[in-house]
Every structure is written in C-alpha cells, then in structure tokens.
Amino acid sequence: MIALKRSDENPILVPDSTQEWESELTYNGCPVAGKDKIHFLYRALSSAKEVNGNWMEISSIGYASSKDGVHFRERRQLIKPEYDWERYGCEDPRVTKLGDKYYIFYTALSTYPFTPEGIKVGVAITKDFKKIEEKHLVTPFNSKAMTLFPEKINGKMAALITVNTDKPPAKIGIIYFDREEEMWSHEYWENWYAAVDYSALHLTRYPSDHIEVGAPPIKTKEGWLFIYSYIQNYFAPPMTFTVEA
C-alpha cells in the first residue's frame, strides 16, 4: 500500500492578483518532467471581464517551472482562447511528452451559457513551452479529460478520453492512432464514437455515478497506472427532508 502525506508547502501555486488572467484562481495542474526541470501546466481563472458581449470570468492555461516540484518560477500564460471552438475558455490541461513533442489536451468551450454541444477537447502542441506550434479542435462531440500515453503501444499512439461528460452517463474510452493527424480528424472520431461501447472501460457501478480521466497514465513494473475520478450519486436528484412541527 502507498502512504501519502499532504505537503506542508501547500498551496504550491496561488493566484497572482497582479496578472489579470490568473487573478482569481489557479488549480487543476498537471506536471511533466523535462530534461532539467519540471514543467507545470495549470488552469487559471481571470477576473470578470466582457467576452463576446458576456460579462464573465474566463479560463486559460498557465505555465510554470520548478526544480523540486514545490517552488515555481517562470509563470506566464501559455494557452488562451483564440478560435471560435475555444472562445469561452481553455480548461484543465493534461500534458504528455511523446517523441520530441509535448501534447497538451484541454477542455475547449465554444458556447455561453455552457452547453454539452459546446464542451469538447482541444490540443496544443509544443516542443519547448516557449511557443505553441499547433492548436486543433480534437472531438466533434461532448467530451473532456483526454490524455495521451507517454509511449506507443504496439506501434500506435494511444489515448484515454471521457465522453458524454455533460450528457451522462459519461464513459472513459481508449483510442489508438496510426498517425498524429488522426487525433483531430473528425471522420476518425465520428467512426470511433459510433462504436464507443467497444472501446469503453466499464468502471461505473451505478448510472447516477460520474467518472472522468484524471492524470496521464504512469508506467510501472506492474503495468500502466491509471488514475481517474469517481463521484457517487453525482447525477442523483438532491435529497429532500420533511420537518414535522
């Protein structure tokens, strides 16, 4: 059994009130090891501002680096809304290095008020975290929490994704790609989604429970360690109480 102790250094990253884009919240971070430091991607929430005629706080993805995983420097905004498919926010990064590229998957919001049809997965690709080389809308359907395995499996790129996160029941599925470009091919995804049950990992115990991919998979001597969230009764109706006088 693994014993974990909450660090006395918490919180390791707090909002910076001098930076409008991360002045409200900093959370849902994901680290990845580099050559001589740890790269850390995190969700940042701005102060309220006008976005396409709506007064709202908006999420983007920040970058920081660390030598020890506790003390961070080089903080800056890395990924922000640029295209229509992410115009209302970029949330919850999951980053994996494969080959000489870092693949950063995130939740892209295209509608406000938020709707399932406007909540999808995007990906940003970088080689050095100094600039984003490419950005793509990944899925044509409601989904979140996608992450790539850090090595190929049987010669293929492999990923995990959570689909139907906002029109449950949510499902976690596994996907294999022969080529990088398949990751943002809508034709590829439509064919995969039509047969999603064949790729789904059967993890939920009750229809009212919710699951979602957590961190990128970690390879151990026993196999792949996969961490995911499991919330019981997430979609159950709220409890009501009757008080008799």
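User: How many bridges join β7 to strand β8, and in which sense do the two strands run?

Analyst: This is a predicted model. In it, seven bridges join β7 to β8 (residues 101–109), and the two run antiparallel. One pair to pick out is Arg94, whose bridge partner in β8 is Phe105. The two strands make a hairpin with two residues between them. Gly99 sits in the turn and has a positive phi of about 65 degrees.

User: How many residues of strand β7 are buried?

Analyst: Eight of the nine residues in β7 (residues 90–98) are buried, which leaves the strand mostly covered.

User: What should I look for when a strand has two faces, and which residues lie on each side of strand β15?

Analyst: In a regular strand the side chains alternate between the two faces of the sheet. In β15 (residues 210–213), His210 and Glu212 are on one side, with Ile211 and Val213 on the other. These residues are all buried, and both faces are covered. The antiparallel partner is β18 (residues 228–231), joined to β15 by four bridges. Within that pairing, His210 is matched with Ile231.

User: How do I read a nonpolar core, and which residues have the most contacts inside the largest one?

Analyst: In soluble globular proteins, nonpolar side chains tend to be buried together. The largest nonpolar core here has 21 residues, and Tyr103, Phe105, Met146 and Trp189 have the most contacts inside it. The elements that give two or more residues to this core are β8, β9 (119–126), β11 (143–148), β12, β13 (171–177) and α1 (186–194). β12 gives the most, with four residues. A second, separate core has 17 residues, including Leu41, Ile61, Ala124 and Phe129.

User: Which residues is Phe105 in contact with, leaving aside its neighbours within four places in sequence?

Analyst: Its contacts include Asp92, Pro93 and Arg94, as well as Val121, Gly122 and Val123. Met146, Thr147, Leu148 and Met183 are also among them.

User: Is Leu160 buried or exposed?

Analyst: Leu160 counts as buried because its relative accessible area is 3%, and the cut-off for buried is under 20%. The residue is found in strand β12 (residues 157–163). Beyond its neighbours within four places in sequence, Leu160 is in contact with several residues, among them Ala145, Phe149, Ile174, Leu201 and Phe226. Gly173 is another of these contacts; the C-alpha atoms of Leu160 and Gly173 are separated by 5.7 Å, with the two residues 13 apart along the chain.

User: What is the relative accessibility of Leu225?

Analyst: Leu225, in strand β17 (residues 223–225), has a relative accessibility of 39% and therefore counts as partly exposed. Leaving aside its neighbours within four places in sequence, its contacts are Pro217, Ile218 and Thr220.

User: Where does Glu182 lie?

Analyst: Glu182 lies in the loop between β13 and α1. With a relative accessible area of 10%, Glu182 is buried. Outside its neighbours within four places in sequence, it is in contact with Phe177, Tyr188 and Trp189.

User: In what order do the four strands of the open sheet come?

Analyst: The order is β1-β2-β5-β6, with antiparallel pairing. The edge strands, β1 (25–33) and β6 (72–79), each pair on one side only. On average, neighbouring strands of this sheet are turned by 25 degrees against each other, direction ignored. β5 (residues 59–66) pairs with β6 over five bridges, and Gly62 has Gln77 as its bridge partner in β6.

Note on methods: Residues are numbered from 1 along each chain as its sequence is written. This is a predicted model: local features need pLDDT of at least 70, side-chain atom pairs count only at pLDDT 80 or more; totals for chains, interfaces and linings use all residues. Side-chain values use heavy atoms; hydrogens and water are left out. Buried means under 20% relative accessible area, exposed over 50%, partly exposed in between (1.4 Å probe, protein chains only). Contact means heavy atoms within 4.5 Å. Two strands pair if DSSP finds at least two bridges between them. A nonpolar core is a set of buried Ala, Val, Leu, Ile, Met, Phe, Trp, Tyr and Cys residues joined through side-chain atoms within 4.5 Å. Axes are lines fitted to C-alpha atoms, for helices over the stretch in contact, and angles run from 0 to 180 degrees between N-to-C directions.
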